[in-house]
Amino acid sequence: MKIIAYIVAAILVFFGVLFIWGSFSPNGSPGWILIGLITVGIGLVIIFFVSRRKAQAGNADNVTLNIELPGNVQMDTLKCKSCGGTLKPENITMVAGAPVVTCPYCNTTYQLTEEPKW
Ligand SMILES: [Zn+2]
């Protein structure tokens, strides 16, 4: 999928450059510069987004805990059981398939349990 996007982007940039180049030739028209710039621009935008998505996927591979957390855990309201400090997603690690919280404030380590909503 990424490779296809790169190929499409490369083709767009290639034809965009050809249009810009062609506009300076005797047979070309000045309007081709605009078409060429737009085409190159679209190609560069595709490359930009694909490379950025690739970088994000790499980070997700390193962390791998965001997906595996229990469904109803609300990260923005998660607080330490011992000291009440606000916990961040990076304070949670997966140990034996269960999310374990290590509090950065009081160094308490405990297993994260899913609280019922009622
Ligand atoms: Zn704490």
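These are my notebook entries on the zinc site, the strands around it and one helix residue.

**Ground rules.** I am working from a predicted model, in which local features need pLDDT of at least 70 and side-chain atom pairs count only at pLDDT 80 or more, while totals for chains, interfaces and linings use all residues. Residues are numbered from 1 along each chain as its sequence is written, and side-chain values use heavy atoms, with hydrogens and water left out.

**Zinc site.** I looked up the donors (N, O and S atoms within 2.8 Å of the metal, or 3.2 Å for Na, K and Ca; water is not among the atoms, so sites may look incomplete). The zinc ion is held by the SG atoms of Cys80, Cys83, Cys103 and Cys106, at 2.2 to 2.3 Å. Along the sequence these donor residues follow the spacing C-x2-C-x19-C-x2-C. Cys80 sits in the loop between helix H2 (31-63) and strand E1 (92-95), and Cys106, 26 residues apart from Cys80, in the loop between strand E2 (98-102) and strand E3 (109-111); helices (H or I, at least four residues) and strands (E, at least two) are DSSP runs numbered from the N terminus.

I noted the arrangement as tetrahedral because the 4 donor atoms subtend angles of 105 to 113 degrees, the criterion for four donors being that all angles lie between 85 and 135 degrees.

**Burial of the cysteines.** I used relative accessible area (buried under 20%, exposed over 50%, partly exposed in between; 1.4 Å probe, protein chains only). Cys103 is buried at 0% and Cys80 is buried at 5%, whereas Cys106 is partly exposed at 31%.

**Strands.** I then followed the pairing, which requires that DSSP finds at least two bridges between two strands. E1 and E2 run antiparallel, joined by 4 bridges, and form a hairpin with 2 residues between them, where Ala96 in the turn has a positive phi of about 50 degrees. E2 and E3 are also antiparallel, over 3 bridges, and their hairpin has 6 residues between the strands, with Asn107 in the turn at a positive phi of about 60 degrees. In E2, 4 of its 5 residues are buried.

**Core.** The largest nonpolar core (buried Ala, Val, Leu, Ile, Met, Phe, Trp, Tyr and Cys residues joined through side-chain atoms within 4.5 Å) has 8 residues, including Cys80, Cys103 and Val101.

**Helix H2.** Thr39 lies in helix H2 and counts as buried at 14% relative accessibility. Setting aside neighbours within four places in sequence, I find Thr39 in contact (heavy atoms within 4.5 Å) with Leu12, Val13 and Gly16.

Definitions and conventions
Tetrahedral: all angles 85-135°; square planar, octahedral: opposite > 155°, others 65-115°.
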